[in-house]
Each structure stands twice: as structure tokens, then as C-alpha cells.
Amino acid sequence: NNDVTIFGYPLSIFFIVVNEFCERFSYYGMRAVLVLYFKYFLRWDEDFATTIYHTFVALCYLTPILGAIVADSWLGKFKTIVYLAIQDITDANKDGTPDNMTLHVALSMLGLFLIALGTGGIKPCVAAFGGDQFEDHQEKQRSTFFSIFYLSINAGSLISTLITPILRAQTCGIHIQQECYPLAFGVPAALMVVALIVFIVGSPMYNRNPPQGNIIVKVCKCIGFAVKNRFRHRSSQYPKREHWMDWAEEKYNKLLIAQVKMALKVLFLYIPLPMFWALFDQQGSRWTFQATTMNGNFGAITIQPDQMQTVNPILILILVPVMDTLIYPLISKCFNFTPLRRITVGMFLAALAFVAAALLQIQIDETLPDFPSSTESQVKFINMVNRDLQIEADNETISLKGFGANEDYLTFHNQFTLVLESGQQNTVNLANGTRNTIAIIQGSKLGFEKFDDITSKPEKGENAIRVLNGFGSVLNVTVRDKVFNFTSNMSEYLSVSHGKAEFMIKDNRESCVYTQELGFGSSYTLIIPSTFTFGERNIKAVMDMKPNSVHMAWQIIQYFLMTTGEVVFSVTGLEFSYSQAPSNMKSVLQAGWLLTVAVGNIIVLIVAEAATLEDQWAEYILFASLLVLVCITFAIMAYFYTYTDPTKIEAQFDKMEPEEKEKRKNFDMPRKGSAESHKEDRGSSDSSSDDECTKQTKI
């Protein structure tokens, strides 16, 4: 049914490529906003959100092994993405969050587990299925198909990582207008429907090769038999063999054993590789959180923190051809840049990326406010009187302009003595670990009011704004359709995004607009003085927290280093594994390669939980140091590795020696008078040779 071709390609592969684009759009789009969903909707802290994120990614790369056997999880993936988008439906009390958060979290975690299972079923199957669509004479087209297939993956990743954060940043909701996670998860879910429909439409055109037995299972059985057989013959009376896998010769043919040896030789080199992925996959967790404390204003456009992940696929599309056509040929003129040397360089570049992230984090930390420790508190003073004042706080004199404030917070412990202009002493009690604003007000004599301030940077780069009403009458203040709620003279905080913010102030008769330009991550107290008039709009803005001053563009340095490392490491690693793998064990090494990604994410969980470092930059340095140590270890292992040509080795075993079957039949024949030999003979007969072990399946 695959006779129809377009430009020499079977028509069926176009359905497969479109299917892969939609599936990767769905996966990467959902993953791009996942860590922010954990923190800002489920209200988990950064460490726990990071833990669950990397647990999910680890599952996605563990399940391809299971997915090689159970591959069809499309519908489960679609349904469970929808589970993440139903908070409005379960919000009966109309407060913007699900009524039963425990149930909602349980559904979300079940959804993520099934998504991991689904993507694992898809991952090891689609590329190989696409290759099956070509005939033997279409080798050139098959080779080009894999390039197109890889391009569809990166295109899906790039577009979804760009679009999904934009969808997430929109406001929506049946009851409460808030960030639109239903839309951010719903669009990838819709793309999964498209993927499923496209895949089914192309069904009549597919070449479907019948199952030929799972080579991973066969390899495991062969290894298991060799170990078991060696253990049974551990006595010194049995002669040693050149390699421990040679103990499988009694049941398995020499060609399969030779192929397993070659595969194990490569898999041994995989042992240090998970550390690279431990750093690489933090682009979606720690680096995204880092971006929330930065300035995302790029002039005509504003970059969302989760959109910075698009730098990776963009750089991949640029760097892959540049490395292949320019960098590698130039380096090869100086020395032999072997695949294992490339992999080593890739790991080192990833370590440098985390050093760059640490240096950037240090710069960010220097711009962050000095928040109070658990044993101290901070106070800022605002003068709500229409004249200059001098007050004392624990014998420290503070000068305040009319309707002005002191620039920095002052630090105290538990309490301090406040002396106003009248000379009256007032004891002010403070809670440790808090920030406070004290407003000096005019009555029959000077007095004060104490208000609680925020003690952390506003979330998602937004700005925390509140209003202090000294006008003496009730005022209604709104900004971008949000209403300030006054519980006293001071309103509660409102989160306002960056850009020009117009504050509408009105009473029963008049109104006016006050405009304030907002950056990222600042905090302001807007003072409406007692002298306020609607015509003059003489409102003053007191900056309680400076906006983010480190620009998000600085992250491009670490993304460039990491992506360059990925191109050198990942692409070369896959090429090396393919060239060194036996013809029928490509899938074994592919499963092993994906397993290194899963283990890498597990390492993040272990290190992040065990290290408990207070400073984020220190954690970055820790990961970079660990990768450098692993990089040195891998370089030593690579030095002693001998490259092989699997084709030549397999050619030596094209014809099985006639006596080999006879040898396996006579395996471990009983020795006269030996009870032990009779026992071993019964064990041998239980594991008689079967045809499946002698067939050579090419995958």
C-alpha cells in the first residue's frame, strides 16, 4: 500500500513526520510551563517543584524501555493533559483555585505519570517505524528522512516553547481571571488529537513489519545465562575463559555473544554520562526560576521566563550545520578529534555553562534586597505630614521630607524606641523575620501606624503595588481592572505586570488617572496625601523594592555554552553508539542512551536534596564541579577504549560452525560417578536450546 511517492519519498512518511511534530509540540509545550504551574498554581516551593519536575523527566526517559513492549499510549496522554486543565471546572466556590486541591494534585500527578508512560511508548517506536516505510533501493531517501525527522522534533520544540508561555501568560477563567494554564495545557492536548488523527489517516499506507522478538529481552537472557553459568562453574576444576560472556556459548551462538560483548563495551562508557543530563535538564527548572528574577524587556517584545528555553532549540538549528561543515573540519586539521574526545569536550562545556549560571546568579543576588534574617526585622518610615520631620529610632536620627520616606530599611531586633517630634517615646514591637512600614500621621499630636511589608521578590517578575490613603475620605483605586482592597488606610498588595500602569482614582463625584512606569519585580507604595486634589493628581510613589536590573539576555551565554555542549555531546554520542553497535543491537544502545537521561534527572533529585545549600550559585558550582570530575573519569575511560568495526566482526561469524549446535546439546555432560554432575545435567536439560536464541534479528 506504499506505492504512492512524492519526490521519491513514500507518502506514508509525511503522516509520520507531521505526527512527530504534533507529539513533540505537545510534550515540550506542556513541559515548558510545568515548573511554573507547580510553583504559582499548586503553590509549591522552588525545591519541591524542581524535584517533581525532574522526577517527571526521569520517568519520561525510563519508560522507553517499557515502551518498546507497550507502545500505544496516545489516548492516555491526551486525557491526562486535560486533567491538568480542569481547575475552573472544580472551582465551585469561585475563588480561582480548585475546592479540593488534594484531588487536583492527585489528578495532576496521575496525569504526569501517564504522560511519561505515553511518551516512553512513542519515543523508541516512531523513528524506527518511519525507517520501515522505505524499500532497500531507497537508502538515500531513508537517510534524508531521519534528518527531516530530527528537524520536525526541533521545530515542534521551538514553536511550542515559544507559544505555550504566551498562552500561559494570558488571563482566563470562568470565575476568576488568572493565568491561563488551561489554555497552555489545552493547546498541546489539541495537537495530540491532531497527531492521532493524522497517524490514523495514514494507516492504509504504512509498511508494517511483523514483530521479530524483542532484542533487549534476548540480550538480557544471554547475559543472565552467562552469569548463571559462570556461577555454576566457579570451581577451579573448570578452565577460565577469555571473557565472562563466553560462558554463554553452551546455549547461544558465538555471533550473538560477540554482539553482546560489543554492546556491553559501549554501555560501559555510558556510566559517567548521566551527569551531563543532570545539568542539561535544569534549563527547564533552575534556569527558568533564575529568569523570573531578571529583566525580560527586549524593547519591542517582552520575554517570559519560560520562553528563554527557546534559545536552546534555536541554537541547535544553527550550531548543528555550523559544527559539521566548519568547526569539525577546522579542528580535524590540527588533531584527530575523535567521537569520544568530542563527548569529553561537550561535558566540559556543560560544566562551563553552570559556572556562567553561577556568576550570573551572584550578580542577581547583589541586586536583590537584603531581607531580614530569622533573628531581626526591618522598618521603613513614611511621613504622611505636610512638612519635614525629624524622628529618632533607638537614638538614630531620621530626616523625612513631607509626604516622603527614608531610602533604606533600618534593621532592629524585636523592638525599638521611636521618638517623634513631640518628644514622646513609643515602644514599637516587631516580629523577627519581618519587614514593616511605619507611617507618621498627624492628629491632635503626631502618631504612627505600623503595616506589614512583603519579605520576598514579587513572583514571576511582576510588581507588588499598594496604596496608602491619607486623603481622609474613601477612595476607589483600580489598575488594569484590578481593584485595591483597603482594610485600613493601607491597601493590600496587588500584582501588576511590567509596563505603563494607569491607576484610576475616584470618589463619588470625581476621578483622575495616575500613571506609573513599572519594571520587573519591584514593589511600590503609592501615597495619596492629605493635600490630594483630582486636578493636580499629586500622588507620590515610594519604592520599597527596586526592580530587577540584570537583563535576561545574559542567560544567552550559559544557554550558548550548554547548547554547544549538547551538540558536541549528544549528536556525537548517538553517532558513536550507532557506529560501534552491532547491526541488531542499535535499539539496545538507544535504550541505554535514554536511560542515561533518566539517571541524570535522578541525580538532580539526590544532589539537590542532599546538598541543602542556601545560595543557588553554590549549587550551580557544585554541579559544575561534579561534572568536571566525571569528565576527567570519562576521559581516562575513553583513552583505553579501542574502536571496533562491528561489520567486520559480524562477518567472521556469518556461518555458524557445524559443531557449535552439537556443543550446546552436549553441554555439561555428566561425569561418571558424580552426583553433582547428574544434578547439573537436569539443570541443563531444563534450559535446552530454543530457535529464538539462534536467529539473528536485524533492527
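How much space lies in the largest cavity? I put this to the model, which is a predicted one, and noted that about 40 Å³ of space lies in the largest cavity.

**Cavity**

I then looked up how many cavities the structure holds, and at a threshold of 30 Å³ or more I found 1 cavity. For the lining of the largest cavity I wrote down Leu 269, Tyr 270, Leu 273, Leu 340, Ile 343, Phe 576 and Phe 634. I sorted these lining residues by character and counted 7 nonpolar, no polar and no charged.

**Helix H16**

Phe 634, one of the residues that line the largest cavity, took me to helix H16, which covers residues 616-639. I noted 24 residues in H16 and a reach of 35 Å from its first C-alpha to its last, which is close to the 34 Å expected at 1.5 Å a residue. Which residues of H16 are buried? I listed Gln 616, Ala 618, Glu 619, Tyr 620, Phe 623, Ala 624, Leu 627, Val 630, Cys 631, Phe 634, Met 637 and Ala 638 as buried. As background for reading that list, I reminded myself that an α-helix has 3.6 residues a turn, so residues three or four places apart point the same way.

**Phe 48**

I turned next to Phe 48, which I found in helix H2, residues 46-67. Is Phe 48 buried or exposed? I entered Phe 48 as partly exposed, because its relative accessible area is 40%, whereas buried would require under 20% and exposed over 50%. I also checked Phe 48 against Phe 38, which is 10 residues apart from Phe 48 along the chain, and the C-alpha atoms of the two are separated by 8.6 Å.

**Sheet E7-E6-E9-E10**

Before going through the sheets I noted that strands of a sheet pair through backbone hydrogen bonds, either parallel or antiparallel. In the order E7-E6-E9-E10 I found 4 strands that form an open sheet with antiparallel pairing. At its edges I placed strand E7 (396-400) and strand E10 (425-429), each of which pairs on one side only. The twist of this sheet averages 30° from one strand to the next. Looking at E10 from its partner, I saw that strand E9, residues 415-419, is joined to E10 by 5 bridges and that the two run antiparallel. I recorded Leu 418 as standing opposite Asn 426 in E10.

**Sheet E8-E5-E11-E12**

I found another open sheet of 4 strands in the order E8-E5-E11-E12, and here the pairing is mixed. Strand E8 (410-412) and strand E12 (446-453) are the edge strands, each pairing on one side only. Neighbouring strands of this sheet are turned by 35° against each other on average, with direction ignored. For the E8 edge I noted that strand E5, residues 377-383, pairs with E8 in the antiparallel sense over 3 bridges, and that Ser 377 stands opposite Phe 412 in E8.

**Strand E14 and its partners**

Last, I followed strand E14, residues 476-479, which is joined to strand E17, residues 499-506, by 4 bridges, the two running antiparallel. Which residue in E17 is the bridge partner of Asn 476? I identified Lys 506 in E17 as the bridge partner of Asn 476. E14 also pairs with strand E15, residues 482-483, in the antiparallel sense over 2 bridges, and there Val 479 has Lys 482 in E15 as its bridge partner. The hairpin of E14 and E15 has 2 residues between the strands, and in this hairpin I noted that Arg 480 takes a positive phi near 50°.

Key: Residues numbered from 1 in each chain as written. Predicted model: local features only at pLDDT ≥ 70, side-chain atom pairs only at ≥ 80, totals over all residues. Heavy atoms only, no water. 1 Å grid on protein atoms, 1.4 Å probe; cavity = no way out; pocket = protein on both sides within 12 Å on 5 of 7 lines; lining within 4 Å. Points joined across faces, edges and corners; volume = space filled by probe spheres on them. Nonpolar A, V, L, I, M, F, W, Y, C, P; charged D, E, K, R; others polar. Expected span 1.5 Å × (residues − 1). Buried < 20%, exposed > 50% of the residue type's maximum accessible area, 1.4 Å probe, protein only. Pairing = 2+ DSSP bridges. Axes fitted to C-alpha atoms, helices over the stretch in contact; angles between N-to-C directions.
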